[in-house]
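Student: I should like to learn how to read the features of a protein model in a systematic way. May we take them one at a time?

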Amino acid sequence: MQTLNLMLHPELKNDLPEKIIQFGEGNFLRCFIGWMIDRLNKKNIFNGRIVAVQPTPHGRVIGKLNAQDGLYTTVLRGVQNGATVNEKEIITSVSRGINPYTDWQKVLKCAEDPAIEYVFSNTTEAGLSYNNEDKAEMTPPQSFPGKLTLYLYHRYRYYNGAADKGMYIIPCELLEDNGILLKKLIMKYARQWNLPASFCEWLNEHNKFYNTLVDRVVSGYPKDEAEEFNKELGYADELLVCGEPFHFFAIEGDDCLKEKLPLQKVGLNVAVESDITKYRQRKVRLLNGGHTANVPAAFLAGLDTVAEMMQDKTAGRFACHTIREIILPSVDMDKKMLEDFAEAVIERFQNPFIKHYLLSILLNSTSKFKIRVLPSLLDYHRKFGEFPQELLFAFAAYIFVYKPVRVDKNHLYGLRDGIEYELTDDEENIIKLDAAWKLYNGTPEGAEATAAAVIEDVVLWDADLAELNIVQSVGAYLYRLDKEGSRSVMESLL
Ligand SMILES: NC(=O)c1ccc[n+]([C@@H]2O[C@H](COP(=O)([O-])OP(=O)(O)OC[C@H]3O[C@@H](n4cnc5c(N)ncnc54)[C@H](O)[C@@H]3O)[C@@H](O)[C@H]2O)c1
Ligand SMILES: O=P(O)(O)OC[C@@H](O)[C@@H](O)[C@H](O)[C@H](O)CO
């Protein structure tokens, strides 16, 4: 089978100028930003391409991307407004990839290109952070903000701080106020590295940092179906990426960006508004919270993907009930907007074509529970004067998946039906969960001690949860999870 590249498909060649530098080359960016820019180009609107930079030394995408001349296939499958969508497309919006660890000068050369005005990124939440060991002399610094600081500093020097050479910087990491955060990190590097004050002024006055919220379920390379895809497409594509048709991109911005990057003009579901808080809140609480509140219990019940969870008589009903009846009413926002979004989320979770593995959603569950579920538990109590049993159970199910048979640094190994599974989380969190489980001796009192050790840890939750008096209830669910199993407890709550 031949590999996808321009030799195989010479008609796909284009010479559009590079206009975007993108830090990240992962599945999500390829199926979201790459796909959107491709949409614009195909309508003759933006007419520019993306240079993708690998964010860490361990990348495996850039080599493949260049071997495929920047081409890759997106497969969008699902049910939208009652109709089945199955869209396969070759994306031609990426010109090339750069490994900055071997070709840092090529990255800096992009900073000299006046046509490259946009920065996009998605380096996971972990990537949008400060690294004390980064130095201005490194080629390149380890962190993404460190790399971007040197990139912008090079542009600033090359153009002598020209006002019209600032950049539009649009990070897509799923963190609140990601644009503001990225700017702060760059400013911190500039100070730490003693870069001139005039550079900071140029950054402030002539560069725009945008806060964003991205939404599309992207399941990545379809390893179980690769053979079938190759046959159907007539080529092998190691970068093929599967996702759902639904997409939503909220950018906290102004009309200037709408005009420069007219994503809405080609029918993309994009909102450029002065405040995107409501979009973020509804997504984090209902969709991401809908995952994090339900996935541990479904996983413990023996299920493996979100679609399986939704199809399951007990877990599916429990997930819908938790989203509609517990999470939704806890959020203070326009009810109709929330209801429409909740129904859309349920339909998206039911997508039979997407294999979204519960284990991949379980990655870093501690911080996800804190940000995505805990606010619903607290707000529900504030509004209705009681804690919802479903979320107390979800708290217990999160603790229960961390019941270790062994741990190894940031990995914890649990046992389900006699088979080991692996969870990844911050090493400090793993140490705490491991220590908490050492208190469990198979009794209700032991389960309560385990629950107390987790719930009353102020550092884990950035809050003192001891005063809520939920330890007894969560401990009781923990005990029942051990003795009865997840399915039985879910059924009793329905
Ligand atoms: N897949 C989805 O459905 C989806 C949807 C919306 C948002 N996201 C977010 O996108 C992120 C990436 O998801 P993906 O599916 O593209 O995964 P992926 O594994 O395909 O890509 C991960 C990317 O992040 C980079 N990265 C990983 N750790 C890093 C670190 N410590 N510092 C810098 N860069 C780092 C990798 O090099 C790679 O470019 C996730 O954090 C997720 O929250 C994913
Ligand atoms: O990607 P994560 O690991 O941050 O969270 C898991 C899912 O909740 C997430 O991937 C959603 O499917 C996605 O955020 C939808 O836009």
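Student: How many bridges join strand β3 to strand β4?

Tutor: Please note at the outset that this is a predicted model. To read a strand pair, one looks for the bridges and for the direction of the two strands. Here nine bridges link β3, residues 72-80, with β4, residues 83-91, and the two strands run antiparallel. Within this pairing, L76 has E87 of β4 as its bridge partner.

Student: How many residues lie between β3 and β4 in the hairpin?

Tutor: There are two residues between the strands of this hairpin. In the turn, N81 has a positive phi of about 50°.

Student: In what order do the strands of the open sheet lie?

Tutor: One reads the strand order across the sheet and then identifies the edges. The order of these three strands is β14-β15-β16, with antiparallel pairing. β14 (406-408) and β16 (419-424) are the edge strands, each pairing on one side only. From one strand to the next, the twist averages 30°. Between β14 and β15, the latter covering residues 411-416, there are three bridges. In that pair, D408 stands opposite H411 of β15.

Student: Is helix α17 largely enclosed by the rest of the structure, or exposed?

Tutor: For a helix, one may consider its span and then the burial of its residues. Helix α17, residues 389-401, contains 13 residues and extends 18 Å from its first C-alpha to its last, close to the 18 Å expected at 1.5 Å a residue. As to burial, a residue counts as buried if 20 or more other C-beta atoms lie within 10 Å of its own. Because 12 of its 13 residues are buried, α17 is largely enclosed by the rest of the structure. Among the buried residues are E390, F393, F395, Y398 and F400.

Student: Why is K208 described as partly exposed?

Tutor: The same kind of count applies to a single residue. K208, which lies in strand β8 (residues 208-209), has 15 other C-beta atoms within 10 Å and is therefore partly exposed. One may also compare separation in sequence with separation in space: K208 and H291 are 83 residues apart in sequence and 33 Å apart C-alpha to C-alpha.

Student: Which residues surround ligand 2?

Tutor: A ligand shell can be read by its members, by the elements that supply them and by residue class. H291 belongs to the shell around ligand 2, together with L174, D215, R216, V217, L287, N288, I361 and L363. Helix α11, residues 277-300, gives the most to this shell, namely three residues. By class, the shell has five nonpolar, two polar and two charged residues.

Student: How many residues surround ligand 1?

Tutor: Ligand 1 is surrounded by 21 residues, of which the closest are G26, F28, P55, T123 and G127. Two or more residues each come from α1 (27-31), α5 (124-127) and β10 (218-220). The largest share, four residues, is that of α5. This shell comprises eight nonpolar, 10 polar and three charged residues.

Student: Where does UniProt place the domain "Mannitol dehydrogenase N-terminal"?

Tutor: A domain record can be set beside the secondary structure of its range. In an unreviewed entry, UniProt places that domain at residues 18-264. The chain over residues 18-264 is 35% helix and 24% strand, with its end C-alpha atoms 21 Å apart. The unreviewed UniProt entry also gives "Mannitol dehydrogenase C-terminal" at residues 275-435. Over residues 275-435, helix accounts for 68% and strand for 9%, and the end C-alpha atoms are 42 Å apart.

Technical notes: Residues are numbered from 1 along each chain as its sequence is written. Chains are lettered from A and ligands numbered from 1 in the order in which they are written. This is a predicted model: local features need pLDDT of at least 70, side-chain atom pairs count only at pLDDT 80 or more; totals for chains, interfaces and linings use all residues. Two strands pair if DSSP finds at least two bridges between them. UniProt positions are given in the numbering used here, feature names are shortened, and annotations may be inferred rather than shown by experiment. A residue is near a molecule or strand if its C-beta atom, placed from the backbone, lies within 6 Å of it. Ala, Val, Leu, Ile, Met, Phe, Trp, Tyr, Cys and Pro count as nonpolar, Asp, Glu, Lys and Arg as charged, and the others, Gly among them, as polar. The expected span of a helix is 1.5 Å times one less than its number of residues. Axes are lines fitted to C-alpha atoms, for helices over the stretch in contact, and angles run from 0 to 180 degrees between N-to-C directions.
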